[in-house]
Amino acid sequence: MLTRRTLMKGALVAGAYAGGVGLAGRFGGLAKAEAAATLVARPGEAMITDKGPTKGVMTYGDAEIPPVLRMRRGEAFALRLDNRLDEPTTIHWHGLRIDNRMDGVPFLTQPYVYGGDGFDYAFTPPDAGTFWYHPHCNTLTQIGRGLAGLVVVEDPADPVFDAEIVLNLRDWRLGGDGQFIAQFKPRDAARAGTFGTVRTANWRQSPQYDAPAGGLVRLRLAATDVTRILALQMEGAEATVIALDGNPAATRFALDHLMIGPGQRLDLVLRMPDTEGAVAALKDLRGTKPATLATFRATGASLKRDARDLPPLARNPLPEPDLAAATEIPFILSASAEERPKDGICGSLGYNFWAINKVPWADDTGDPTAPLAEMKAGKTYIFNVENPTPQVHPLHLHGLVFRPMNSNKQAIRPHFSDTYLILPDEKVQLALVADNPGDWVFHCHIIEHQKTGMTSYVRVV
Ligand SMILES: [Cu+2]
């Protein structure tokens with residue numbers, strides 16, 4: 001999978017940036033506040049196709065692909081963003097319930113960070129699980145060209161697995177020559193979004209990973225694409241969902257056509273086949289033809305493990321909504337044809353196609369609309385969200401977690417989440433405790449929808 005040429009290319013790119021601040025510190029182990037690291041956002045190139053390096057990539061760190069940032073639940077984490085791009089950027093920590101000032105939304109929670117400038121992020125992640133990080137400025141371009149990495153927050157009480165594999169699942173919009181083509185088409189932005197042309201896991205097409213035969217693998221995956229919704233299935237091995245969107249599933253269940261949208265994460269137990277050389281395949285069954293996202297090859301003599309022997313994941317300290325005292329707030333998604341937004345420093349797409357409660361907001365503009373709701377700290381609220389549009393929308397709320405309660409369209413799994421995939425004609429209730437003060441963005445994570453109006457924010461005071 002990693003050819004010698006790929007490795008050399010990576011080394012060259014790293015070398016080109018080694019003269020500067022570079023990547024100081026270690027991302028593989030504990031990142032303690034006193035050992036703060038620097039993460040460089042920079043232009044680069046990457047071996048995504050067999051047509052040679054794709055130019056115009058954006059990445060973090062000195063490897064080709066953004067590093068997996070490892071943190072520990074309840075331990076201080078600090079990281080300096082060093083922006084070596086030719087444009088402003090920020091980092092948003094998707095799913096982490098942290099201080100509003102660290103949330104990475106330009107104008108709302110921090111100034112954007114110009115090229116050549118930096119920003120110090122410091123927080124203590126309260127929850128263990130699988131999360132991710134990405135910019136909240138010129139987001140379609142910056143995520144589309146590579147700026148998205150995974151965050152693993154470890155809990156010392158986590159069960160022990162025989163292996164762990166982290167998968168960053170995303171597409172790229174490349175032409176036949178392996179180079180970037182226009183990131184979106186306006187007519188698609190007004191529908192399901194513009195799809196990528198090359199599908200990857202960890203920036204490789206259908207990579208293969210080795211793991212012990214008969215062993216239990218913790219597979220952490222995140223849908224970091226700007227558009228694509230997946231329907232995941234494992235073939236050739238048993239795969240059990242143990243956590244969704246960072247939080248443990250109330251009851252474990254087999255992975256079977258599970259739909260996840262941009263921004264969502266899954267933790268799976270993959271029980272490897274017993275026979276050495278046998279291969280399991282993670283597939284996306286949505287869309288016109290199934291795609292193999294990654295494969296897993298059994299190595300060595302079978303460990304003969306049983307996924308049912310695995311103890312439960314430690315629970316995160318999440319606030320339980322007090323439904324009897326809840327205040328309900330309506331959120332209605334819609335199409336919009338209001339005037340075009342002004343061009344913003346963080347990249348307006350130049351169109352308004354969508355709105356929440358009839359207000360289109362392209363976000364990261366200097367003149368935000370008023371918050372759609374103001375909530376009192378510590379109180380329970382129920383978001384009554386309606387989707388009368390013909391599209392599916394992965395709705396993401398920053399800084400808070402909600403518990404989906406009732407839906408007219410799908411069975412609800414009783415778990416806490418930060419991203420809800422709402423279906424056409426669905427009405428759903430999302431219950432939450434407003435326990436984190438600040439202005440929190442509530443937006444669709446299909447980035448073209450987000451950037452053409454399907455963005456809002458709520459205020460906790
Ligand atoms: Cu959407």
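Start by selecting F402: setting aside neighbours within four places in sequence, F402 is in contact (heavy atoms within 4.5 Å) with L395, L397, H415, F416, S417, D418, T419, Y420, L430, A431 and L432. You're looking at a predicted model, where local features need pLDDT of at least 70, side-chain atom pairs count only at pLDDT 80 or more, and totals for chains, interfaces and linings use all residues. Residues are numbered from 1 along each chain as its sequence is written, and side-chain values use heavy atoms, with hydrogens and water left out.

Stay on F402 for a moment. Its strand is β25, residues 402-407 (strands are DSSP E runs of at least two residues, numbered from the N terminus). F402 is buried, at a relative accessible area of 1%; buried means under 20% with a 1.4 Å probe, protein chains only. Now add L318: 84 residues away from F402 in sequence, yet 9.4 Å C-alpha to C-alpha.

Next, click R403, also placed in β25. R403 is buried too, with a relative accessible area of 15%. Beyond residues up to four places away in sequence, R403 touches E320, P414, H415, F416, Q429, L430 and A431.

Last stop: the copper ion. Which protein atoms are its donors? Show H393 (ND1), C444 (SG) and H449 (ND1), 2.0 to 2.1 Å from the ion. Donors here are N, O and S atoms within 2.8 Å of the metal (3.2 Å for Na, K and Ca); water is not among the atoms, so sites may look incomplete. Along the chain the spacing reads H-x50-C-x4-H. H393 lies in β24 (residues 393-397) and C444 in β28 (residues 438-444), so this pair ties together parts 51 residues apart in sequence. H393 is buried at 0% relative accessible area, and C444 is buried at 0% as well.

Technical notes
Helices (H or I, at least four residues) and strands (E, at least two) are DSSP runs, numbered from the N terminus. Buried means under 20% relative accessible area, exposed over 50%, partly exposed in between (1.4 Å probe, protein chains only).
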